[in-house]
Amino acid sequence: MGLDSAPEVTASHFERLCSYERGPVSDDYVLIRDVMVPMRDGVRLATDIYLPARDGKRLPGTFPAILDRTPYDKLPRAPLANDPEFFARRGYAFVFQDSRGHGASEGEFALYVDEGKDGFDTVEWVAAQDWCNGKVGTSGYSYDAATQHALAREAPPHLSAMFPAFGTSNYHDDCEAHGGAFRLAHNLNYSLHHAEMDRRAKQDPVVNANIHKARSQLADWLTRPLSEHFRLFRLVPEAEKWYRAWVDHPDFDDYWKQNGYYFEGFHGDYPDVPVFHMGGYYDFLTLGTVRNYTGLKAIKKSPQFLLLGPWTHGPLRSRSSWQGAVEFHAGVDWTPIRLAFFDHYLMGIDTGLMGAQTSVTVFVGGGGTGKRDTNGHFEHGGRWIDAPAWPLPDAKVTSFYLHEGGRLTAEAPEAKESSTTFAYDPTKPCPQVGGDYNYAFTQRDRDNMGPQDQVGNLKHPGCTDELPLSSRADVLVFETEPLERDVEVVGPMSLKLFVSTDAPDTDFTAKLVDQYPPSKDYPYGFALILQDSIIRLRYRDGLEKPDFVKPGEVVTATINLWMTGNRFVKGHRIRLDISSSNFPNYDPNPNTGEPIGYHTHTRIARNTVYHDGGHASQLMLPIREA
């Protein structure tokens with residue numbers, strides 16, 4: 001079987017991929033630490049090189065290389081996330097490099113913007129070394145996925161394969177913001193996190209103490225206008241520079257199209273090489289992960305692979321069978337998958353696992369007991385399926401229409417006039433409970449992330465009570481009758497709303513929920529969030545420039561509801577929640593129409609959703625035969 005031939009798809013394909021193993025070719029490795037690799041402008045980047053060895057000496061010959069470029073200080077993170085020793089023992093040269101200005105690398109760190117050229121120079125340097133056979137693959141997740149896409153946009157000749165996990169395609173629309181709304185908690189916490197790693201903070205106790213103080217007071221800072229956050233970074237100028245730029249560039253302009261922040265518009269520049277994309281439904285970068293897959297697959301001949309699970313951010317968390325408050329039995333270790341991928345495309349070993357017919361593997365949740373297990377997790381369950389492409393060819397987009405009284409049905413509304421109005425007060429925003437809200441960066445906060453029951457929890461920022469979120473006056477709930485049969489939803493989703501507001505600007509949010517019926521363990525049922533999203537009304541027609549609505553004018557607002565994989569079991573309800581805020585995931589819109597981040601006051605907005613024959617608001621779901 002050749003490298004590009006496709007094996008027959010079997011039910012056990014994914015299990016075989018996850019259990020792939022190949023013994024080491026050596027019992028040891030040598031580590032050459034902090035090799036200073038020169039960039040084109042003379043700045044040198046600290047690079048660790050792990051090579052196969054025996055009896056303390058490097059094995060003879062040349063090896064394919066795996067490169068990971070990171071701003072997170074390569075040595076402490078390596079054994080957990082990247083396993084350089086594992087790959088070195090299996091015949092690879094693993095190259096781990098500090099980004100410019102971090103760790104032992106020279107230069108000044110500027111978030112994302114230098115990673116393309118530095119990555120290009122590093123790939124070509126690696127390929128020219130006497131221990132490399134000229135084939136260079138890349139690996140890593142989150143920021144380390146962005147470094148891969150950034151260097152690919154520069155098209156280094158020796159790039160041979162990529163494994164970007166949990167990575168962005170358009171920083172402005174799937175990380176810094178979405179639908180024009182500023183991703184508040186992530187941006188502030190992440191910028192403070194990078195400021196904390198800055199050399200000034202590491203070397204100056206005063207700077208360090210100020211950053212730590214700001215992080216300890218984060219809950220208070222989240223309630224202030226974005227422009228007031230600038231003062232937090234005054235002692236770390238580079239961090240202040242990029243945070244200010246994020247606030248001052250709310251439109252999708254040239255700032256966001258520079259390399260490092262934007263990839264989907266430049267997929268044509270990438271070398272035509274195999275790429276394995278890995279992501280999670282509850283990750284805030286899921287949209288980018290899938291856009292990179294679909295964009296490259298549409299124009300490249302080389303195989304593109306996609307793996308989506310019910311995970312929050314990062315492959316370390318994907319190893320657990322549970323996420324947030326929910327047990328899925330969906331734990332996956334990315335190391336054997338990467339080994340199978342790189343063995344196939346860098347080593348030339350026919351693993352029999354990389355055929356084009358199995359290019360997509362996704363998790364479909366549901367079908368569990370619905371009980372609380374011995375660890376206190378909600379038992380949702382699920383299974384893995386293989387497919388040839390994304391969206392799944394056998395998924396049919398089906399509309400569910402909003403009706404008066406909170407009904408959600410497959411029949412279009414016939415009423416001449418029908419609408420629901422609610423008041424949105426930005427000083428009392430609806431709290432975000434789980435979803436793609438990955439604000440937590442510590443293990444102790446992990447239970448509060450991702451899949452959650454939609455009930456107030458005082459551990460979540462913004463929650464002031466423990467009542468169901470559906471009890472809030474600013475949350476509209478539309479749901480089906482209890483399902484008469486299972487309904488399986490797998491793929492991208494959207495919500496088309498006809499809306500109006502009496503304010504100059506406002507937001508609309510949407511949340512898809514699997515509503516479980518009451519049970520012994522959950523007397524009020526369990527409202528499992530599957531996905532959530534937002535649109536800032538001034539950006540309803542595109543992110544390039546704002547278009548403000550007229551008070552009372554009925555306009556169309558389409559919300560990209562990202563994607564999911566879930567089986568709504570017979571007796572459950574498909575539920576849609578609509579509101580105007582998800583705090584602190586997104587900054588609450590002050591409803592004034594002032595420049596984002598610089599508002600001087602707030603006002604209450606009366607927002608209306610229409611659901612009549614002339615304004616058929618509808619939820620569009622990709623449904624497979626269950």
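## Two cis prolines and a positive phi

Let's start in a loop: Pro391 sits between β16 (382-387) and β17 (396-403). (Helices here are DSSP runs of H or I with at least four residues, strands are runs of E with at least two, and both are numbered from the N terminus.) The peptide bond leading from Trp390 into Pro391 is cis, with omega near 0°. Keep in mind that this is a predicted model, where local features need pLDDT of at least 70, side-chain atom pairs count only at pLDDT 80 or more, and totals for chains, interfaces and linings use all residues. Residues are numbered from 1 along each chain as its sequence is written, and side-chain values use heavy atoms, with hydrogens and water left out.

Another cis bond runs from Phe583 to Pro584, with omega near 5°. Pro584 also belongs to a loop, the one between β25 (573-579) and β26 (605-612). For a backbone oddity of another kind, go to Asp73: its phi is near 60°, a positive value in a residue other than glycine. Asp73 lies in the loop that links β4 (63-70) and α2 (74-81).

## The whole chain

Stepping back, the protein chain has 14 helices and 28 strands. Its radius of gyration is 24 Å, close to the 25 Å that the globule rule gives for 626 residues, so the chain is as compact as a globular protein of that length. (The radius is taken over C-alpha atoms, and the rule is 2.2 Å times the number of residues to the power 0.38.) Along the principal axes, the C-alpha atoms fill a box of roughly 80 × 55 × 45 Å.

## α7 and its two helix partners

Helix α7 (residues 184-197) packs against helix α11 (residues 237-248) at an angle of about 165°, with the axes 10 Å apart. Axes are lines fitted to C-alpha atoms, for helices over the stretch in contact, and angles run from 0 to 180 degrees between N-to-C directions. That angle makes α7 roughly antiparallel to α11; the cut-offs are under 35 degrees for roughly parallel, over 145 for roughly antiparallel, 65 to 115 for roughly perpendicular, and oblique for the rest. The crossing of α7 and α11 is right-handed, meaning the near helix is turned clockwise from the far one by less than a right angle, while anticlockwise would be left-handed. On the α7 side, the contact (heavy atoms within 4.5 Å) uses Asn187, Leu188, Ser191, His194 and Ala195, and α11 brings Ala239, Trp242, Tyr243 and Trp246. These residues divide into 6 nonpolar, 3 polar and no charged. (Nonpolar covers Ala, Val, Leu, Ile, Met, Phe, Trp, Tyr, Cys and Pro; charged covers Asp, Glu, Lys and Arg; the others, Gly among them, are polar.)

α7 also packs with helix α9 (residues 205-216), at about 160° and with the axes 10 Å apart. That makes α7 roughly antiparallel to α9, and the crossing of this pair is left-handed. The contact takes Asn189, Leu192, His193, Ala195 and Glu196 from α7, and Ile211, His212, Ala214 and Arg215 from α9. The split here is 4 nonpolar, 3 polar and 2 charged.

## α4 across α5

The axes of helix α4 (residues 115-127) and helix α5 (residues 143-153) come within 7 Å and cross at roughly 75°. The two helices are therefore roughly perpendicular to each other. Glu115, Gly116, Gly119, Phe120 and Val123 of α4 meet Tyr143, Thr147, Ala150 and Leu151 of α5. That set divides into 5 nonpolar, 3 polar and 1 charged.

## A three-strand sheet

An open sheet is formed by 3 strands in the order β12-β13-β15, with mixed pairing. (Two strands pair if DSSP finds at least two bridges between them.) β12 (322-323) and β15 (378-379) stand at the edges with a single partner strand each, so one side of each has no neighbour in the sheet. β12 pairs with strand β13 (residues 326-327) in the antiparallel sense over 2 bridges, and the bridge partner of Trp322 in β13 is Glu327.

## Around Trp384

Trp384 lies in strand β16. Trp384 and Thr374 are 10 residues apart in sequence and 24 Å apart in space, C-alpha to C-alpha. Leaving aside neighbours within four places in sequence, Trp384 is in contact with Phe14, Leu307, Leu308, Gly309, Trp311, Ala330, Val332, Thr361, Val362 and Phe363.
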